[in-house]
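Here are a few exercises to work through with the model open beside you. Try each task before reading its solution.

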Amino acid sequence: MLGGLDAPTSGEIIIAGQSLKQLSDDKLTILRRRKIGFIFQFYNLLPTLSADENVGLPQWIDGKDLTKQRNKIDGLLEMVGLGERRDHRPSQLSGGQQQRVAVARAFANTPEIVLADEPTGNLDSKSGTAILDLLQKTCAELGATIVMVTHDPRAASYAARLIFLKDGEIVHEQKNFGSSHCVQSIMDILASLEA
Amino acid sequence: MKISGKFPLLLPLRLAFRNMQARKLRTLLTCTGIVLGVAVILAISMTNQSTIVSLENVFNEAAGKSNIVISPYDENSSGMDGDTIYRMDNIPGVLYAAPSASAASELAERSGTGKVSIGLGGRSKSDALLLMGIDPKLDREVRSYTILQGRWMEAERYEVLLSEQFMTENELKLGNDLTIVTPSGVERLKITGVLANSGAAVANSGNVGFIPLQTLQDIFARGDKLDAIDIVVPNELVESQDKLDMLKNQIQNKLGKEYLVQYPASRSQVVPQMLFVYQQGLTFFSAMAIFIGAFLIYNTFSTTILERTREIGMLRAIGMVKKQIVNIVLTEAITLGVFGSLLGVAFGILLGRGLIPIMSNVMAKDIRNITIPMDGLLLSLSVGIIVTLVSALIPSIQATRISPIEALRSVPKAESKLWRYLWLIGIGLVVAAWLLIYRIPFPRSITFWTGICGVLLLFLGATLFIPQSVGRFERIVRPLTTFFYRNEGKLGSRNVERSPIRTTLTVACLMVGIALIIGMGATTNSFKNDFDKWILSALGGDMLISSPIRLREQLGYQLASVPGVKYVTPRLTMDVRIAPQSIGEAGMNDKLQLNAIDPATYRQINDFQFIRGQGTSEQIWRDFSGGNALFLSTVTADRHHLKQGDQIYLETKLGVQPFRVAAVVSDFTPKGFIVYGSLKDAQHWFGESGVSSFIVAVETGTNPAEVKSEIERRYKKAKNITVFSTQELKTQVLSLVQESFGLMDTLNYIGIIISALGVINTLLMNVLERQREIGGLRSMGMTKSQIARMVISEGVTLGLIGGAFGIGVGVVLARLMVRAMNVLGSYDLELILSMQSFIWGAVIAVFVVQMAALYPAGRAARVNIIEAIKHE
């Protein structure tokens, strides 16, 4: 719903001062294109495009000429540590590398919000940690808000604000202390919700 | 523990049904592919068979119960003596001997306004009325008559029974007088009965009347002469061929050489050459339909299996053995194959019923006997089922080779090394096709089939070139799709490289469809070009003047004196018999139609189209004018293995006489076995006086219609002539040719539909397979119209690659088809490619494909983003 992919049955969603309710499908799509970035669990890269083309895809979709965006794309790839692999296709990259490309892609249009759906769910712990560090760093550098959905307490511990959901309802909310104790604290809350 | 590959019997069936139900759209697409493939095969077989059966039936019905037919050996004689019938009296085994005589006539009120329509069936339908003089007491024992109104005729009266068709067409009523033209003037016959359009009344395409024998002999001044005696024998003789042979020989011996004793079947016309070639064209198309249909079915099934790789992995993981997996897939294939084939049969019958009237028009003959041939039915059913099974078997075996873990992970399969070298096999197949068609000499009887195999090998060979060429072609096409569809065009274009097998099969479907259009277009064009040349030379002049009875040669001088007439040339048409010296495999009783002309005046109006490489026109005409020489139509020359300079022996009134073959000429006269000789020779060797028709050319600047009126005013009644405008004849003949290729066009459209279906199928599969990806793109900000443009541009890229291959292969196919026409149909056609068919090919490659892509594009645009990204 936050991404404008689904409409709420009641209530209202306002992104960047704009109520989503009043927008047509095309306008909603354009808002999504320019204001929101997406990161999926299974990366969702296009197999026919190289890494840099995948990163430039949101701009491509926006009708921009990629040759003019070259610096930005290269910068994003350097930022995620894949500057050397810009010509590789997804099938030539590891899972962690593919997710890095997906992260770079999510920031391609300098969005205000990045929605991440289990971004580490399909990665081993080392690659997962690298991605989370990267997300944190990128978020700080580019000044975007990241909304991440996860079952992983370690991934959740990177967030500044935590909202716990159970059966579709908010059951708990807390600010993060920014320390390693946080993982344990999140696990405790999850255990209490299960009980 | 031994793992059993057996299942509870109904489980595979249940799973198969569930699968088909779960993937309704795909099931529908696969089924449509099978239905169309089967339907085309059956419809073509049905059209061919119905045509042949109808032709045979006309002769069989007209011949009735007759077992043996006696006729004069010399067809140009005045007939058999009337007392021949009494010579049958004492022959044991002869139950009835029914005499008959016939004469061609015309309705007096219609005389001079006659219209001829010509068909590929070998005989023109015309307003000319065939009058059969029969013995009223005896003939119903021999031929079958169904009287709808009125009564049977009485002997010696001036009464006539007409077919219902003739009565309706000429607005005649029972009790009216039928006024006809005879050599002695106009005669009246009372219409006493109307006959159903069956049995004896189907003769001469229904333009037939039956009158008492003696009346016919009186009004046509035939004395007591007969044209035929039909013999009916008892049943016990009918059942024994030996006894019947003995009786036939006995009659022949008793009557002597002046008579021809035959079985009615041997009177059946040979299937005319143009019709034969036409039917072979249909059969060729049918083979191509199997090819495209098979690709379509394979494409759909292989994708279905690929899509279920994960499901197969799961089934394997929980303990299903490979054989069981194959069982499930095959059960699904058999179910779909049987269901689709049965539906295809039903649709094929409907399609056949739609094609038969077109064929009927083309032939200018009614096709009354719509038959569903058992062999065609079985062939279409088995092709439908077997191709479906094979299409399912290969991918299902491939699927079981993937390990359960790989399958569950849905790891994309690495490209097989073999895939990269398929083009080498392609070269091998193209070389094999070339050898089969051009190099290996096969017996003539199987040339057609080896040709079809050659073309199929060519198509297969070209198909194997596709996988390696797709990438290169895509890069060439990409700027174009980017220009029209912007960045989405670039994305869509690249997608064609993602499913090499699917892309290959779709491009192959398009390639075959477009190649057939180009091949067929070139054949039609080459044929029309040759035909136009022939029609210009053979139907020269402005008028054709003819009569049902022989005209006197002096009429030519009278016609020449009519103001405005520039040239007049006579023509005599007669049947001649080829002598045993010239008979090869063609068999006995082979007749030729001799058109006798006067070379000097003929050349002022008309000319011939000599086949290439026979010397100059002047040399040929000089040789012909020297006498005892003939021009042979290509069909006649081919049938008797004759060429320029050879001798052909004909039976003449003065004995067997050799004639020199002065040249072989292209001739599209429907009857086919035509020779041209000089009028002088016809008069000398065949004792003919009179002529059949005159061709008249008018002075430049003169209105032919005015000259026609003047000729009619002077001679129509006095000489019983009919004046045809050659321009009208040309228009009719050309429209017939146009119409005959209309049937091929119809089949081309079916080919286009099948190809378009292939594109819809592939794009739809791609859309279904890429739901998650499309969902991802939508969530990233791609609008619905951008998604649609991306899918359409993928279709366009497929279309353009298919078009490029189709045009290349089409040009080769065109050469092969024209060559086949020349070899099998004894033509001398020159290949002329049709620009129109190239335009059609391009239209299909670009526009039809875009239309076909609309539905998958719409579906892709409507993808529910939430559902799609949940696919993870």
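**Exercise 1.** How many residues lie between β8(B) and β9(B) in the hairpin they form? Then describe how the strands are paired.

*Solution.* Keep in mind throughout that this is a predicted model. Start with the connection: two residues separate β8(B) from β9(B) in the hairpin. Next, locate the strands, with β8 at residues 177-182 and β9 at residues 185-195 of chain B. They run antiparallel and are joined by six bridges. To check one pairing on screen, select B:L178, whose bridge partner in β9(B) is B:L189.

**Exercise 2.** Find which residues of the largest nonpolar core touch the most other members.

*Solution.* Begin with the whole core, which holds 172 residues. Within this core, B:M511, B:V512 and B:V791 have the most contacts with other members. Now ask which element contributes most: α24(B) gives the largest share, 19 residues. Finally, zoom in on B:V512. Leaving aside residues up to four places away in sequence, B:V512 touches B:M288, B:F291, B:I292 and B:F459. There is also a second, separate core of 53 residues, and B:I545, B:L592, B:A596 and B:V698 are included in that one. As background, nonpolar side chains in soluble globular proteins tend to be buried together.

**Exercise 3.** Describe the side of chain B that touches chain A, going from counts to elements to residue classes.

*Solution.* First the counts: 21 residues of chain B are in contact with 23 residues of chain A. Then the elements: α14 (444-495), α23 (771-779), α24 (784-824) and α26 (865-870) of chain B each supply at least two residues of this side. Last, the classes: eight residues are charged, seven are polar and six are nonpolar. Bringing in the previous exercise, α24(B) contributes both to this side and to the largest nonpolar core.

**Exercise 4.** Sum up the build of chain B, then decide where to read the model with care.

*Solution.* Chain B has 26 helices and 21 strands, and 49% of its 872 residues are buried. Of the contacts in chain B between residues at least 6 apart in sequence, 86% join residues at least 24 apart.

Now turn to confidence. Chain B has a mean pLDDT of 81, with 87% of its residues at 70 or more. Two stretches call for care: pLDDT stays under 50 over residues 112-126 of chain B and also over residues 266-271 of chain B. Beyond four places in sequence, the model has 59 contacts for residues 112-126 and 10 for residues 266-271. For the complex, the predictor gives an ipTM of 0.82 and a pTM of 0.70.

Note on methods
Residues numbered from 1 in each chain as written. Chains lettered and ligands numbered in written order. Predicted model: local features only at pLDDT ≥ 70, side-chain atom pairs only at ≥ 80, totals over all residues. Contact = placed C-beta atoms within 7 Å. Helix = DSSP H or I, 4+ residues; strand = E, 2+ residues; numbered from the N terminus. Nonpolar A, V, L, I, M, F, W, Y, C, P; charged D, E, K, R; others polar. pLDDT = per-residue confidence, 0-100. Core = buried A, V, L, I, M, F, W, Y, C linked by C-beta atoms within 7 Å. Buried ≥ 20, exposed ≤ 12 C-beta atoms within 10 Å, placed from the backbone. Pairing = 2+ DSSP bridges.
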